[in-house]
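Reader: I would like to go through this structure one feature at a time. Please give the general idea, then the case at hand.

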Amino acid sequence: GEMVSINSWHPPAYRDLGVQEADVSRLEEFLTITIPHKQDRGMVLDWLTWCLQNEASKPGWSLFFYSGKKGTGKSTLCGVIAKLFGEKNTITLNSVDKLASRFNKPVLDSKLVIGEELKLPSGSSKGNSLKTFITEEVTSSEQKGHEIEKVRQFCCFLFTSNHRPDWIEADERRYLVVEVKHDGHASGPKADEFAAYVAELNAWMEDPANIA
């Protein structure tokens with residue numbers, strides 16, 4: 001149909017290990033520590049499960065991890081999710097500037113797009129661009145030195161921020177804002193305990209068999 005597809009899926013290396021039995025206890029433990037609301041934890045797992053089981057499709061909504069404190073484990077949680085998608089299928093941005101820019105094809109080439117520290121003014125053009133990318137499968141994309149293309153994109157979007165996302169409209173359905181809140185944040189009474197737990201979790205993630 002005179003369209004070009006992007007988001008080539010590279011099967012993560014851990015899938016070649018032949019592990020058939022699922023064990024999500026470590027992930028559930030981490031979610032229990034960092035996300036206080038049980039319903040939110042279930043939605044996060046549902047979103048993640050569906051995305052990994054349907055690589056050729058895209059969800060119509062994105063996850064948004066918010067915490068009013070620093071050091072709550074948002075980046076670590078994103079790291080776990082990135083491991084599950086595979087490094088070749090993931091890109092992490094410090095802002096949405098590259099995604100919302102003219103030459104955004106290198107970003108849209110990734111299956112999982114993680115935007116950290118997202119903060120937008122109400123009614124911004126970048127916010128409107130995000131809405132389109134989250135829901136629409138057909139978009140215009142361009143890379144430097146090439147003509148603009150009409151492409152199909154299958155990106156999954158995940159955002160984080162320490163700033164309350166007041167710019168999201170009350171009836172907005174494209175984001176599930178999940179509060180990450182606990183006493184182990186950087187200035188909390190359990191900061192040292194949580195930091196030790198995160199260090200242990202990061203070491204555990206380095207073994208592909210654990211991710212599998």
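**Pockets, sheet and helix packing**

Author: Start with the second largest pocket, and bear in mind that this is a predicted model. The second largest pocket has 15 lining residues, and those nearest its centre are Ala-13, Tyr-14, Lys-83, Gly-86 and Glu-87.

Reader: How is such a space found, and what is the volume of the second largest pocket?

Author: Rolling a probe the size of a water molecule over the atoms shows where empty space is left. In the second largest pocket that space amounts to about 300 Å³. Its lining consists of 7 nonpolar, 3 polar and 5 charged residues.

Reader: What is the volume of the largest pocket?

Author: The volume of the largest pocket is about 690 Å³. It is lined by 25 residues, with Val-24, Leu-52, Leu-84, Ile-211 and Ala-212 closest to the centre. Two or more lining residues come from each of helix 1 (25-34), helix 2 (38-53), helix 3 (74-85), helix 6 (191-205) and helix 7 (208-211).

Reader: Which element gives the largest share of that lining, and how do the lining residues of the largest pocket divide by character?

Author: Helix 2 gives the largest share, with 5 residues. By character, the lining of the largest pocket has 16 nonpolar, 5 polar and 4 charged residues.

Reader: Now the sheet. What is the order of its strands, and is the pairing parallel or antiparallel?

Author: Strands of a sheet pair through backbone hydrogen bonds, in either a parallel or an antiparallel way. Here 5 strands make an open sheet, ordered 3-4-7-2-8, with parallel pairing. Strand 3 (90-93) and strand 8 (175-179) each have a single partner strand, so each edge strand has one side without a neighbour in the sheet. From one strand to the next, the twist averages 20°.

Reader: Take one pair as an example. How many bridges join strand 2 to strand 7?

Author: Strand 2 (residues 62-66) and strand 7 (residues 156-161) run parallel and are joined by 4 bridges. Phe-64 has Phe-159 of strand 7 opposite to it.

Reader: Last, helix packing. At what angle do helix 1 and helix 3 cross, and what is the handedness of that crossing?

Author: For a helix pair, read the axis distance, the angle and the handedness together. The axes of helix 1 and helix 3 cross at roughly 160° and come within 11 Å. An angle over 145 degrees counts as roughly antiparallel, and helix 1 and helix 3 are therefore roughly antiparallel to each other. Their crossing is left-handed.

Reader: And how far apart are the axes of helix 1 and helix 2?

Author: The axes of helix 1 and helix 2 are 10 Å apart, and the packing angle is about 140°. That angle makes helix 1 oblique to helix 2. The crossing of helix 1 and helix 2 is right-handed.

Methods
Residues are numbered from 1 along each chain as its sequence is written. This is a predicted model: local features need pLDDT of at least 70, side-chain atom pairs count only at pLDDT 80 or more; totals for chains, interfaces and linings use all residues. Side-chain values use heavy atoms; hydrogens and water are left out. On a 1 Å grid over the protein atoms alone, a cavity is a set of points where a 1.4 Å probe fits but cannot get out, and a pocket is an open set with protein on both sides within 12 Å along at least five of seven lines; lining residues have an atom within 4 Å of a point. Grid points are joined across faces, edges and corners, and a volume is the space filled by probe spheres set on the points. Ala, Val, Leu, Ile, Met, Phe, Trp, Tyr, Cys and Pro count as nonpolar, Asp, Glu, Lys and Arg as charged, and the others, Gly among them, as polar. Two strands pair if DSSP finds at least two bridges between them. Axes are lines fitted to C-alpha atoms, for helices over the stretch in contact, and angles run from 0 to 180 degrees between N-to-C directions. Angles under 35 degrees count as roughly parallel, over 145 as roughly antiparallel, 65 to 115 as roughly perpendicular and the rest as oblique. A crossing is left-handed if the near helix is turned anticlockwise from the far one by less than a right angle, and right-handed if clockwise.
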